[in-house]
Every structure is written in C-alpha cells, then in structure tokens.
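User: I would like to go through this model by question and answer. Please keep the replies brisk and end each one on the value or name asked for.

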Amino acid sequence: MKPLSQAVSSVPASGIRRFFDLVAEMDDVISLGVGEPDFVTPWRVREAAIYSLEQGRTTYTSNYGLLELRQEIARMHATRSGAHYDPAREILVTVGVSEALDTAFRALLDQGDEVIVPEPCYVSYIPCVAFAGGVPISVPSRAENGFRVDPDDVRARVTPRTKAILLSYPSNPTGAVMDQAGLQALVDIAVEHDLYIVSDEIYDRLSYDAPHVSIASLPGARERTILLNGFSKAYAMTGWRIGYACAPSHVVEVMMKIHQYTMLCAPITAQLAAIEALKHGEADVVTMVTDYDNRRRLFVAGLNEIGLECPSPGGAFYAFPSIKRTGLSAEVFAERLLQQERVLVVPGDVFGPSGEGHIRCCYATATSKLIEALQRMGRFLQSL
Ligand code: PLP
C-alpha cells in the first residue's frame with residue numbers, strides 16, 4: 001500500500017498515552033496524570049444547556065459562533081484584561097482551544113515556516129505546528145529561571161523563516177507565569193522581526209499570586225496576536241469542547257475559512273452553556289480557583305517535605321518537582337512509582353527535553369487523595 005502522510009507519520013505518539021494504558025489495568029491508582037478539573041461543570045451551566053435542549057435548540061449556528069457568545073467573550077476580555085475585540089469580526093468560537101490551535105497554525109504557516117516554541121510545553125504544540133507544515137523550533141526554559149522562557153533565548157532562534165512565537169502562560173506542565181516585563185520583552189522581539197504571537201491563555205483564571213497579564217493587552221501586541229482561550233479549565237467544561245480565538249479581523253477571516261470547511265461550528269449546546277458560564281459563572285470560578293490554590297499550597301509544601309524540590313508554581317494546576325536527586329530518569333521514576341505505589345504522574349520529558357529530571361503532578365484532585373499520594377510518594381523515595 002502507498003505510505004500514509006509523512007508529515008503525520010513522522011510525529012511520535014504522545015508519551016502520556018503509554019502511562020494511561022498501564023493505569024487502565026490497575027486498581028487503586030491515585031492519578032495525578034490527567035490535566036483535568038475534578039469539579040463537575042457548575043449546575044447553572046448544565047441547567048442552561050438542558051433547558052436549551054428542552055427548547056429544541058439543536059441546530060447549526062453561525063460559523064463564527066453565536067453572536068451573543070462572541071459579545072460575552074468580548075465583554076469579558078475588555079473588563080478583565082483591557083484587550084478589546086470586535087465580536088462581529090475578531091472572535092471565532094471553536095471546538096476547544098485544541099481546534100483553535102490547529103486552525104491558527106494552518107492559517108499562519110506555509111511549508112517550512114518556523115514557529116518558536118518554549119518548552120517544556122503542552123504536548124499538542126509541536127505536532128500542531130508540524131501538521132500545518134511548519135517547523136517547530138524549541139527553546140528550552142530552565143528550572144533555575146522558574147521555567148519562564150528567556151527572551152534572549154527566543155531572540156537567538158529568530159531566522160528569516162520565523163513566522164510566529166507560541167506562548168502559553170500560566171504553563172502546562174510547569175505552572176510558570178510570566179510577568180509583564182518578560183512578556184513585553186517577547187512582544188518587542190515579535191515587533192522587531194514582524195512575527196505573529198499565538199498565545200494560549202487557557203489557564204488565565206488559574207493565576208494565584210498575581211493577576212494574569214494577557215499578552216494582547218501589551219503595547220504592540222494586539223495586531224499580531226492570536227489569543228486562544230476556552231472553558232475547559234476555569235469552568236470545568238472539558239467535555240463540552242468549547243473554546244475561541246481572538247485576533248485581528250484579517251486573521252480571523254482566514255481561520256474562519258478552515259473552521260467553516262472542517263468544523264462548521266462548535267456545538268450549539270456547548271455555546272449556550274458557555275454564554276451562561278460567562279454571564280453568571282463568576283462565583284463558581286472563584287470557588288474552584290480558591291480550592292485549587294489551597295491544594296497547590298498543601299501539595300507543593302508536601303512535595304518539598306518529602307524531599308522533592310518544587311518551587312511554588314504561580315498558575316495552572318500542575319506542580320513540576322525535580323526528581324534529579326533520585327538519579328532516575330523521569331520515565332523510570334514515573335513507571336516505578338506507578339508499579340510500586342500506584343501513583344500516576346507524567347514524566348517531564350514528555351513535554352520536551354528540558355522537562356527531563358522532573359515530573360508533572362496535576363493537583364486538581366481531592367485533598368484526601370493528594371495527602372495519600374504524598375504519603376505513597378514519600379514511601380517510594382525512601383525505598384530507593
Ligand atoms: N492548551 C493547553 C495549555 C492545555 O493544557 C490544554 C488541555 O490540557 C488545551 C490547550 C486543550 O484545551 P481544550 O480542552 O479547550 O481543547
């Protein structure tokens with residue numbers, strides 16, 4: 001048979017999958033593996049969706065998404081970050097941030113265009129760039145620097161083929177956040193070299209120590225930024241598959257073409273639920289974020305106590321402790337921890353080579369389970 005697509009076949013399958021397959025055959029595992037809220041979507045949001053179904057709202061929507069949803073998204077960004085978007089022409093509602101990422105790169109890239117990607121990073125970034133014909137150029141970020149990317153390292157990788165910089169703060173997997181000065185330095189590089197910025201801000205609400213700074217609100221950024229966000233994390237809506245992109249209208253227009261011919265529109269039930277989330281879900285977000293923050297403090301303190309060095313992550317719901325003192329690779333550590341103590345964590349190198357020597361632990365799980373996981377991890381360390 002003729003070979004399948006080289007561009008796709010050459011991308012390795014996600015390293016996380018093997019661990020999830022192992023877990024499927026085990027009992028009594030405490031999973032700190034999946035990056036998913038353990039909350040159910042707030043009742044008012046579910047209720048709005050149920051009501052919409054009762055009313056028979058089961059059709060396609062505008063390809064852009066319901067205007068009311070785009071208006072709510074624009075209102076929320078204007079009040080929260082000071083970034084203003086025209087709901088009619090500058091917002092595209094997508095099937096999660098996942099679709100928005102794919103569409104953004106397909107809209108931006110021609111074959112061989114380079115995208116600078118700070119790593120360790122979310123597992124989809126490098127494949128998404130490659131699937132769109134682009135060339136991902138990784139920039140390692142260092143533990144000593146709190147896993148914030150150094151703008152000088154970014155600058156050093158700009159070539160005539162560079163088309164975009166991909167940023168994602170708060171970060172999955174490290175929980176790192178960038179301050180305004182750091183972000184502005186990255187914007188300045190983009191302006192200087194006429195680059196686009198793709199900013200995945202899906203964890204914006206989960207910023208604990210300081211208010212989130214949206215890159216689109218910084219001088220020089222808005223006209224070259226595709227801002228991606230969604231409802232999966234802050235509103236505990238992973239299964240609804242709803243997200244969006246905000247960008248200048250000429251960029252949205254091109255993204256829209258891809259979306260229109262491939263997705264048509266995001267599911268109407270999810271869009272109506274998202275409207276309710278934005279209109280009336282703020283108290284629920286605050287409750288969940290306060291809870292994550294409490295778990296963050298407890299879990300990170302616990303990791304340090306058992307001897308896994310872990311600086312406090314400023315955002316998202318991941319701790320990224322060093323396991324270097326054990327002398328094990330991240331993969332061996334994670335595999336042995338799972339076999340011996342039935343705690344699932346993700347080896348840091350799954351997110352890029354500079355994640356080696358670290359593990360990602362998602363602390364969006366019940367406090368009692370976090371305490372139990374820490375005990376099991378402590379016992380595992382003592383057994384080494
Ligand atoms: N971006 C980041 C950084 C993520 O961590 C995730 C999910 O874990 C996604 C995007 C996917 O988001 P969605 O559920 O909106 O497709």
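**Burial, rings and cavities**

Analyst: Tyr318 counts as buried, at 0% relative accessibility. The model is a predicted one.

User: How is the ring pair of Tyr203 and Tyr318 classed?

Analyst: The ring centres of Tyr203 and Tyr318 lie 5.7 Å apart, and pairing needs centres within 6.5 Å. Their planes stand at 80°. An angle over 60 degrees makes a pair edge-to-face. The class for Tyr203 and Tyr318 is therefore edge-to-face.

User: How many residues apart in sequence are the parts that this pair ties together?

Analyst: Tyr203 sits in the loop between β6 (196–200) and β7 (225–230). Tyr318 belongs to strand β9 (residues 318–319). The pair therefore ties together parts whose separation in sequence is 115 residues.

User: Is Tyr203 buried or exposed?

Analyst: The relative accessible area of Tyr203 is 3%. Buried means under 20%. Tyr203 is therefore buried.

User: Which residues form one aromatic cluster with Tyr203 and Tyr318?

Analyst: Tyr203 and Tyr318 both belong to one aromatic cluster. The other members of that cluster are Phe39, Tyr292 and Phe317.

User: How many aromatic pairs are there, by the rule of centres within 6.5 Å?

Analyst: Rings of Phe, Tyr and Trp pair if their centres lie within 6.5 Å. By this rule the aromatic pairs number 10.

User: How are the rings of Tyr122 and Tyr125 arranged?

Analyst: The two ring centres of Tyr122 and Tyr125 are 5.5 Å apart. The angle between their planes is 80°. The pair is therefore edge-to-face.

User: Which of Tyr122 and Tyr125 is buried, and which is partly exposed?

Analyst: Tyr125 has 3% relative accessibility, which counts as buried. Tyr122 has a relative accessible area of 25%. Buried ends at 20% and exposed begins over 50%, so a value in between is partly exposed. The buried residue is Tyr125, and the partly exposed residue is Tyr122.

User: Which strands are the edge strands of the open sheet of three strands?

Analyst: The sheet has the order β9-β12-β11, with antiparallel pairing. An edge strand here pairs on one side only. The edge strands are β9 and β11 (346–347).

User: Which residue in β12 stands opposite Ala319?

Analyst: β9 pairs with strand β12 (residues 359–362) in the antiparallel sense, over two bridges. The residue opposite Ala319 is Cys361.

User: Where are the cis peptide bonds to Pro120 and Pro173?

Analyst: The bond from Glu119 to Pro120 is cis, with omega near 5°. Pro120 lies in the loop between β3 (114–119) and α6 (125–131). The bond from Asn172 to Pro173 is also cis, with omega near 25°. Pro173 is placed in the loop between β5 (162–167) and α8 (180–192).

User: What is phi for Arg241 and for Ala316, neither of them a glycine?

Analyst: Arg241 lies in the loop between β7 and β8 (243–246) and is partly exposed at 30% relative accessibility. Ala316 lies in the loop between α11 (282–306) and β9, and at 0% relative accessibility it counts as buried. Phi is positive in both, near 60° for Arg241 and about 60° for Ala316.

User: How much space lies in the largest cavity?

Analyst: The structure holds three cavities of 30 Å³ or more. The space in the largest cavity is about 120 Å³.

User: Which residues of its lining are closest to the centre of the largest cavity?

Analyst: The largest cavity is lined by 15 residues. β3 gives the largest share, three residues. The closest to the centre are Pro118, Pro120, Cys121, Ser168 and Tyr169.

User: How do the lining residues of the largest cavity divide by class?

Analyst: β3 and β5 each supply at least two residues of this lining. By class, the lining of the largest cavity has nine nonpolar, five polar and one charged.

User: How many nonpolar, polar and charged residues line the second largest cavity?

Analyst: About 70 Å³ of space lies in the second largest cavity. Its lining includes Met76, Ile202, Asp204, Arg205 and Leu278. The lining of the second largest cavity comes to seven nonpolar, two polar and two charged residues.

Terms used
Residues are numbered from 1 along each chain as its sequence is written. This is a predicted model: local features need pLDDT of at least 70, side-chain atom pairs count only at pLDDT 80 or more; totals for chains, interfaces and linings use all residues. Side-chain values use heavy atoms; hydrogens and water are left out. Rings of Phe, Tyr and Trp (its six-membered ring) pair if their centres lie within 6.5 Å; planes under 30 degrees apart count as stacked, over 60 as edge-to-face and the rest as tilted. Buried means under 20% relative accessible area, exposed over 50%, partly exposed in between (1.4 Å probe, protein chains only). Helices (H or I, at least four residues) and strands (E, at least two) are DSSP runs, numbered from the N terminus. Two strands pair if DSSP finds at least two bridges between them. On a 1 Å grid over the protein atoms alone, a cavity is a set of points where a 1.4 Å probe fits but cannot get out, and a pocket is an open set with protein on both sides within 12 Å along at least five of seven lines; lining residues have an atom within 4 Å of a point. Grid points are joined across faces, edges and corners, and a volume is the space filled by probe spheres set on the points. Ala, Val, Leu, Ile, Met, Phe, Trp, Tyr, Cys and Pro count as nonpolar, Asp, Glu, Lys and Arg as charged, and the others, Gly among them, as polar.
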